[in-house]
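Please consider the following protein chain together with its three-dimensional model. The explanation below leads through its loops, its interior and its ring contacts in turn.

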Amino acid sequence: MNKLYKISFVIFLVVSLISLTACGGHGGGGNNNPTPQAISEMTAARVSVNTVVANITDILGFNPQNSSRRSQSNLSVPEKLKNLAYGEKINKLIPANSRNEFFKGLGPEPEKKAEWNQGLDYIVGSNSDTTNVLVAGFNDKYDPEQRYHVFLYEGKEGAGTILTKIVALPTESYAVAISYLNDGNGNKSTLVFAVNQKGEFEGRVFKDINDKDTYYSENYSSMVYGTSTQMTYVNEESIEVINTKDGKAVSSSSPLIEGFKTAIYALKFGGQLRTGKDGQSNSAIIKENQLSQIPPVLVYIGDGSKLDKYMNYLTIDGFINDKDITNKFMPSDLEDYEKARIGDYSGSLDYYDGATAEATLRLALSVIDKDSAHIVTKVAGQDNGLYIVSVSYLTINEKEYTVAVGAQMIRDSKGIFLEAKMFEGKHNDVNFQSKDNEKRNIKVIGTAKVDYVTEEDIPGTITVNGKTITFNAAKE
């Protein structure tokens with residue numbers, strides 16, 4: 001997302017958070033309270049981010065002298081803060097590892113009495129609280145020319161613990177933070193994130209204790225981003241959208257399914273593959289699934305190696321500069337149309353090996369970056385454009401996949417019948433009819449099907465590695 005696709009930060013803390021902490025048992029006859037449960041990495045990340053988001057106004061407006069808060073409009077993380085967004089640097093600004101150490105201005109070595117923290121205040125909690133408290137102060141000893149506003153959150157969720165350190169500049173509208181997460185079973189993770197005054201946040205989660213990477217580093221195990229209302233949690237296995245405040249699920253998918261879906265999305269301009277300079281025609285309206293009648297020449301061309309022969313490039317510039325493709329134009333109904341082109345092939349066309357004919361072929365190229373996916377789609381349509389084939393090369397979380405499609409258009413781009421397959425790895429010798437082939441190291445890991453009902457109702461189904469989603473191709 002983008003990537004995949006492209007992929008804003010903040011946190012929320014409410015009284016209900018306190019109610020989730022473990023309570024002590026009654027004396028005398030034993031303790032009947034359930035043992036606190038270990039928490040997931042996603043839950044720990046949500047609670048950490050939510051603490052910041054919920055209190056971002058106080059964090060960015062914090063002033064020990066209680067002066068009036070200024071209006072803020074800067075939405076770019078300043079370089080000074082960006083350069084601090086590492087554990088090794090934030091820990092120098094905030095050497096405390098507990099609420100008590102922070103409140104006393106002490107570091108991890110109390111005997112040295114390093115009074116680095118001043119102007120203390122509780123944003124959430126009080127001196128009597130032991131967990132789920134957010135403490136504020138400032139550090140003007142790290143840099144004699146810059147005062148930093150610093151915050152520490154010590155929290156507990158089930159059997160898990162969360163220690164978050166936050167740094168902001170008095171005159172900026174962003175904060176950066178690092179959280180050390182323990183799930184209660186001894187599994188540790190590190191979350192680094194940035195957040196703005198609107199509660200938009202973005203971050204990366206790293207396994208174990210990691211003080212070397214930042215919120216935009218690449219070697220993360222998962223990433224989070226969202227707003228004060230929703231958080232998206234992405235790793236190689238899933239894309240989970242949850243309510244930032246209470247963790248309730250909004251939606252669940254996977255990067256592979258979303259990448260598959262985006263490859264199909266690239267065919268929304270398929271109707272414009274019909275003959276005619278602008279892609280329009282008066283072809284008959286067909287409302288029956290006739291995929292079995294895809295012309296043999298298109299089935300033949302539908303292999304990636306054949307499409308590569310006519311479009312031997314992976315960028316839009318390559319398509320635009322290809323002199324064998326004429327009448328180039330941008331599709332009119334694709335949001336990322338600046339990254340897609342359609343044109344007519346003017347050279348000789350291989351119908352089969354050793355057989356050629358004058359071309360009546362329209363080609364298209366789409367390049368999409370969405371969230372964690374980079375997708376290059378090559379499309380071919382022939383004659384009146386009722387039938388199209390395509391091959392997409394996907395890179396998702398640095399792993400490669402191939403999606404091959406056979407489709408029948410209804411009228412322009414209003415409707416479609418479609419069948420598709422997803423293959424593990426990059427293959428240029430497959431099409432939508434290919435099957436598992438152990439000898440060629442080809443494995444089908446997903447399928448897709450789209451049917452036409454009406455212009456407003458075009459149901460689609462995608463299944464990858466046993467996980468299925470349904471969607472309306474007319475609207476998504």
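**From a loop to the interior**

Asn465 is found in the loop that connects β22 (459–464) and β23 (467–472). Although Asn465 is not a glycine, its phi is positive, at about 50°. Its relative accessibility is 54%, so Asn465 counts as exposed, the cut-off for this class being over 50%. The model in which these features appear is a predicted one.

Asp208 offers a further case of a positive phi in a residue other than glycine, with a value near 65°. Asp208 is placed in the loop between β7 (201–207) and β8 (222–226).

These loops belong to a protein chain with 10 helices and 23 strands. Of its 476 residues, 54% count as buried. The chain exposes about 21400 Å², and carbon and sulfur atoms supply 46% of that area.

A positive phi also occurs in the turn of a hairpin. Strand β18 (residues 387–396) pairs with strand β19 (residues 399–409) in the antiparallel sense, over 10 bridges. The two strands form a hairpin with 2 residues between them, and Asn397 in this turn has a positive phi of about 50°. Within the pairing, Ser392 of the hairpin stands opposite Val403 in β19. Strand β18 is mostly covered, since 9 of its 10 residues are buried.

The interior may be considered next. The largest nonpolar core has 74 residues, of which Phe260, Leu363, Leu418, Met422 and Ile462 touch the most other members. Strand β18 gives the most to this core, with 7 residues. Another core, of 31 residues, lies apart from it and includes Ile59, Ala136, Tyr153 and Ile242.

What does Leu418 touch, not counting residues up to four places away in sequence? Its contacts are Ile264, Leu267, Leu291, Val405, Gly406, Ala407, Ala448, Lys449 and Val450.

The aromatic residues complete the picture. A pair of aromatic rings is described by the distance of the centres and the angle of the planes. A search of the whole structure finds 5 aromatic pairs. In one of them, the ring centres of Tyr142 and Tyr148 are 5.9 Å apart and the planes stand at 80°, so this pair is edge-to-face; the cut-off for that class is an angle over 60 degrees. Tyr142 counts as partly exposed because its relative accessibility is 33%, whereas Tyr148, at 3%, counts as buried.

Tyr310 and Tyr345 form an edge-to-face pair as well, with 4.8 Å from centre to centre and 70° between the planes. Why does this pair tie together parts that are 35 residues apart in sequence? It does so because Tyr310 lies in helix α9 (residues 304–310), while Tyr345 lies in strand β13 (residues 340–345). With a relative accessibility of 6%, Tyr310 counts as buried, and Tyr345 is buried with a relative accessible area of 13%. Both values fall within the buried class because its cut-off is under 20%.

Aromatic rings also meet charged side chains in this model. The charged end of Arg147 sits over the ring of Phe138, at 3.7 Å from the ring centre. Likewise, the charged end of Lys82 sits over the ring of Tyr216, 5.0 Å from its centre.

Note on methods. Residues numbered from 1 in each chain as written. Heavy atoms only, no water. Buried < 20%, exposed > 50% of the residue type's maximum accessible area, 1.4 Å probe, protein only. Helix = DSSP H or I, 4+ residues; strand = E, 2+ residues; numbered from the N terminus. Pairing = 2+ DSSP bridges. Core = buried A, V, L, I, M, F, W, Y, C linked by side-chain atoms within 4.5 Å. Contact = heavy atoms within 4.5 Å. Areas by Shrake-Rupley, 256 points an atom, 1.4 Å probe, with all protein chains shown as cover. Phe/Tyr/Trp six-rings, centres within 6.5 Å; stacked < 30°, edge-to-face > 60°. Lys NZ or Arg CZ within 6 Å of the ring centre and 35° of its normal.
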